[in-house]
Amino acid sequence: MFSLCDDTLQNVGLPAVCIVWQTAMIILFGVFIRYNEESDTHWIEQRKAKNISSDVENDFYYRYPSFQDVHVMIFVGFGFLMTFLKRYSFGAVGYNFLIASFGLQWALLMQGWFHSLDYSDGKIKIGIENMINADFCVAGCLIAYGAVLGKVSAVQLLVMTLFGITLFAVEEYIILDLIHARDAGGSMVIHTFGAYYGLSISWMLYRPNLNQSDRLQGSVYHSDVFAMIGTLFLWMFWPSFNSAVTDHGDGQHRAALNTYLALASTVLTTVAISSLFQKHGKLDMVHIQNSTLAGGVAVGTAAEFMLMPYGSLIVGFCCGIISTLGYVYLTPFMEKHLKIQDTCGIHNLHAMPGVIGGIVGAITAATATESVYGVEGNTFDFDGDFKDTVPTRQGGLQAAALCVAICFGVGGGILVGCILRLPIWGDPADDNCFDDEPYWELPDEEEAIPPILQYNNHMRNKDM
Amino acid sequence: MFSLCDDTLQNVGLPAVCIVWQTAMIILFGVFIRYNEESDTHWIEQRKAKNISSDVENDFYYRYPSFQDVHVMIFVGFGFLMTFLKRYSFGAVGYNFLIASFGLQWALLMQGWFHSLDYSDGKIKIGIENMINADFCVAGCLIAYGAVLGKVSAVQLLVMTLFGITLFAVEEYIILDLIHARDAGGSMVIHTFGAYYGLSISWMLYRPNLNQSDRLQGSVYHSDVFAMIGTLFLWMFWPSFNSAVTDHGDGQHRAALNTYLALASTVLTTVAISSLFQKHGKLDMVHIQNSTLAGGVAVGTAAEFMLMPYGSLIVGFCCGIISTLGYVYLTPFMEKHLKIQDTCGIHNLHAMPGVIGGIVGAITAATATESVYGVEGNTFDFDGDFKDTVPTRQGGLQAAALCVAICFGVGGGILVGCILRLPIWGDPADDNCFDDEPYWELPDEEEAIPPILQYNNHMRNKDM
Amino acid sequence: MFSLCDDTLQNVGLPAVCIVWQTAMIILFGVFIRYNEESDTHWIEQRKAKNISSDVENDFYYRYPSFQDVHVMIFVGFGFLMTFLKRYSFGAVGYNFLIASFGLQWALLMQGWFHSLDYSDGKIKIGIENMINADFCVAGCLIAYGAVLGKVSAVQLLVMTLFGITLFAVEEYIILDLIHARDAGGSMVIHTFGAYYGLSISWMLYRPNLNQSDRLQGSVYHSDVFAMIGTLFLWMFWPSFNSAVTDHGDGQHRAALNTYLALASTVLTTVAISSLFQKHGKLDMVHIQNSTLAGGVAVGTAAEFMLMPYGSLIVGFCCGIISTLGYVYLTPFMEKHLKIQDTCGIHNLHAMPGVIGGIVGAITAATATESVYGVEGNTFDFDGDFKDTVPTRQGGLQAAALCVAICFGVGGGILVGCILRLPIWGDPADDNCFDDEPYWELPDEEEAIPPILQYNNHMRNKDM
């Protein structure tokens, strides 16, 4: 029924990659990674030395609830969002689980070298904020997975994640530390980068005969309901995503509020456009599952700024429209004319809203005033690390950051796409795409029918 | 197969309502809504001016974890609880998503005008507590949705939500601010009001020929499992619901504890009664999905009071019995004799337990003593805003509040029911109720059968 | 189609047990259980008397987010993990709900008598930490449920829970209070005990003719996806489980971090071994659903210690391998040769990793040094309650604790197994195992087929 180019590779490739890479992680963690001062037993001494009044000032208590929400988004949110395909739910949720688990370890190292290296002893010191950032870094790769869902093997996904995390860490370092742009919810750093990375890979891996799998490239009733679990957990916890690493106090408070509002607004315009462009005014589950999230993406950069509640609603309003129209017109166009096969429509959910988010961030930054942001406020610290930054300059930096994210995404994607085209990764044949069968032990569905019905069917067949 | 009275309306009605209303929200938010002092960039200055020692005193950290739990209850809890119908899961979770997203924006405005208006500049100042209250307000409308599930169109639901939120805000203002009753978990304000609002609407929209949809008014195996996702997330996070806006410190602590206990007790009596009243002692999933939650409803008002742990257990004990008996006897009776068709049985899950909750609250308040509540305690502050309030008087106020909630529910429901009977909303024909088909693009189920089985069936049919 | 030995018992047994036991709980709670000082209205006075600066120092704010995560693990995590069987999803999630709800009440009493008894008035004073510990205690019984899933009645499960909680509380008291071992995440106290308790019961209830239910002892496609909901919520929230009752500050911080890392590592080795030992390198959902969690179990005891990030990865690495190999080789061996039928494979997920966790804890404790743990640190307080404890001695105590856990599990399981063999509990016949049919009202599946398909089938049959 299906044939793999290399059965031995399939048998040995995935286990070998997993074991070797995990062993490498252990060694690198052994050499480089230690607890930071807030997760180390010496915290109590540090606390007293620094005159910190209470354990509750440990960053853990400011960020752990947000971390857990982000964690749910990564594993249940992304995982279940992709279960919509009728016969690829195991691959969706299972491979998402695998690459996220590898990715977060590699991200702790890569981001650690850039951001958390203690030069006194050459060790990376980690705590709760590193855990959140590692999850963020993984999100970029999971977005990219959406573009190639059902068309690549587990080993290809792991390779894609290895390079994706590496590129992400460099891009993030350039954007946050060299350019000094701000991007709390990662509209640029995570979504724009991740989406263009995935789309470029999908373009490099173009399959002209993918229509052979048309039969499987759709949903069934219950797989769409499973996907709604992913949608809702992403939607509900997005305020935590955008506020997880913002400043304590008003920074986290405002980021959560802005995101909450933007997302609510997106739902209404998504429903409107979905209904308007379907026959008989029906709603399309693909739009409800995906475009309702666009507002959270687009408000990522500006969520911590003084975007104002109505500003958040406007961002969400526009993104619901643009994202849904993207599903209606752009995705078919891209597949037909640009040779980009985008299984989950990440161009509509992450790329366009991410770019919008970058632009909104640049405009908000450029129009900042001291009366709005206060003299002591550290949230939108347009004096940043150097005294002569003026708001318009910060706006320019934000725009530059957006360009960096796009370039890293496209360039990195093409590079990694070339690597993934090597015929050694055991990717599925065209008529095996979107099918769990080649990679998973599947249960025998015949027996799913309750015995009483089996009996009835048996009788009925007999009678005829 | 089905016919809509007005195809054009269906095509244009929903998009028009969504776009226009969302635009109105943006304008109203622009005119009225601003950040409050804890979510504004000037927080750091405020903090220093008010001598607040730490960012952790920002209300965000006291309430955000509870907010996220409540948010999950609203979108996953209510949404999935209603997926039990075999062919209405898209409508259940999708429309729930739509009306909650609209409702929370409208609630921020309505509740804001009554509770958070800053008279110095005429703006509503919002923060985390407003977000929670908006979600609460939405809960009232989602409860009402349960009564009419599968029998109304999306536009009707939006109209129902618009009026529901408006009525809720007025009712809440009367109960909390004029009567000075307390209702932390909203037994009266949310559940009693929401349930009678929904039941009255369902009564006004009575469909004598609904039995034409009998074929679809039931569950299938997996839709019942989906509904359990909703049940469990409601059940687990109910302690957060009842404690989300109670006083800091012991108030939140006690409310969570009481709710946790009441819910545990309800599960056992629900199982007992369900088994007792079925043939062969079998359990009925409808009871397990719904009646297990009744304890959380009934303990809503008194959760923050000194109800005592055994008091919580007693409340839960009674509600499990009453609610399950309601499903067995009352729901069929109401449908047959009172012409109230209650799809989800909200009378058993919200109306009766809500009324019990109001009564329990009144009794607990009336029997309060200074030795139990302390002189400094602010949780059950029976001196409230005026010094001469005595416990028995507070008990009377609680009882008065319950009456207000019922009146608003019934009266408002009849009024809105009249509006919804206008023949312009595109509601489904009797034989299209409980069916996603008229409103959603549905996947083609034939292809759900794995290819190997399709082949087998093909062969089998051939042989015959 | 099926016969129950005693229909009357089935009709009356379960309701009677639920009502009587719940009534007993109310009476015992009335006699014994009161709020502790942090959940009582007198908190504000206590706070001032003890010079506590802020409400945020109420233990509620340190632990409530973790509590809610643990709560999700107990009800959704364990509940959905067991829904993998094709026709036992109602029993899995429903009975899990029932026994957890009873268990947590009984656990509050049992653990309260040992740990939270206020000798001044003979009352048990409860708060957030008791709620977490009650959930932990329940976890032990739910683990045991995994071994007998599908083969026992609800009444048997309740009996098993009653005794399980009782044994747990005694075992926990011996390990934590008499031996003075530490076991924050319960590798020994919860997992080792619970697993051996369940396995011993399963051994006592051995069914030689269980193969009559072979037809039902497997999954279907969507039941495996449901089970992944359980897996992921357990996996994601395990850091909260292991850190929920550890010390404030660095203790909770470090426990969460270690668990996060161990679990990530486990996923990779589970995938590797699963793929390596299947035909064509395919992955097996049973392994992905279960073995990926083994790292969380094994790091339970040592999570709060200075295990170091690489140490956590190593523990996860080993457990993924051992647990998956257990599913491949050990479970069939145990069923065939040891007469232990372990439905969910708890020996691989809880017993072996739990024992490993105990050993890792003993080694980590034995090798503790003052330079690593600090003089003031209270996390690994090897001076404990008596000054002369040295690390090696603490290591010995940890090892002794592990033995106690195993003995209580095996001994208690055999005892309770004897009780459960009495022919009065209405357990299912061999050919009714793994089937919801005897205990639940099941929906009529015929109607699940959308009408259009029914029509097609009808036509097709007619033509032939």
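Student: How many residues do chain A and chain C each bring to their contact?

Tutor: The contact takes 84 residues from chain A and 80 residues from chain C. Keep in mind that this is a predicted model.

Student: What area is buried between chain A and chain C?

Tutor: The general idea comes before the number. The size of an interface is often given as the accessible area lost when the parts come together. Here, about 7300 Å² is buried between chain A and chain C. Carbon and sulfur atoms give 71% of that area.

Student: Which residues in chain A lose the most area to chain C?

Tutor: Look at Tyr35(A), Thr41(A) and Phe97(A). Together they account for 11% of what the chain A side buries.

Student: Now the polar side. How many salt bridges are counted between chain A and chain C?

Tutor: The count is 1 salt bridge. Lys282(C) forms a salt bridge with Glu437(A). Their closest N and O atoms are 3.5 Å apart. Polar contacts are counted separately: 26 residue pairs across the interface of chain A and chain C, both residues at pLDDT 80 or more.

Student: Which element gives the most to the side of chain A that touches chain C?

Tutor: That is α1(A), with 13 residues. Other elements of chain A take part too. Those supplying at least two residues include β1 (33-35), α4 (89-115) and α16 (451-463). By residue class, this side of chain A divides into 49 nonpolar, 19 polar and 16 charged.

Student: Next, rings. How many aromatic pairs does the structure hold?

Tutor: Over all chains, 72. For any one pair, read the centre distance and the angle between planes. Phe60(A) and Tyr61(A) are edge-to-face, at 5.2 Å centre to centre and 90° between the planes.

Student: Are Phe60(A) and Tyr61(A) buried or exposed?

Tutor: The cut-off for buried is under 20% relative accessible area. Phe60(A) is buried at 1%. Tyr61(A) is also buried, at 11%.

Student: What is the geometry of the pair Phe136(A) and Phe241(A)?

Tutor: This pair is tilted, with 4.5 Å centre to centre and 40° between the planes. Phe136(A) lies in helix α5 of chain A and Phe241(A) in helix α8, so the pair ties together parts that are 105 residues apart in sequence. Relative accessibility is 4% for Phe136(A), which counts as buried. Phe241(A) is buried as well, at 2%.

Student: Which residues do ring pairs link into a cluster?

Tutor: From chain A, Phe60(A), Tyr61(A), Tyr64(A) and Phe67(A) belong to the cluster. From chain C, Tyr62(C) and Tyr260(C) join them.

Technical notes:
Residues numbered from 1 in each chain as written. Chains lettered and ligands numbered in written order. Predicted model: local features only at pLDDT ≥ 70, side-chain atom pairs only at ≥ 80, totals over all residues. Heavy atoms only, no water. Contact = heavy atoms within 4.5 Å. Buried area = accessible area lost by both parts, 1.4 Å probe. Salt bridge = Lys/Arg side-chain N within 4 Å of Asp/Glu carboxyl O. Polar contact = N/O pair within 3.5 Å; in protein donor to acceptor, adjacent residues only side chain to side chain. Helix = DSSP H or I, 4+ residues; strand = E, 2+ residues; numbered from the N terminus. Nonpolar A, V, L, I, M, F, W, Y, C, P; charged D, E, K, R; others polar. Phe/Tyr/Trp six-rings, centres within 6.5 Å; stacked < 30°, edge-to-face > 60°. Buried < 20%, exposed > 50% of the residue type's maximum accessible area, 1.4 Å probe, protein only.
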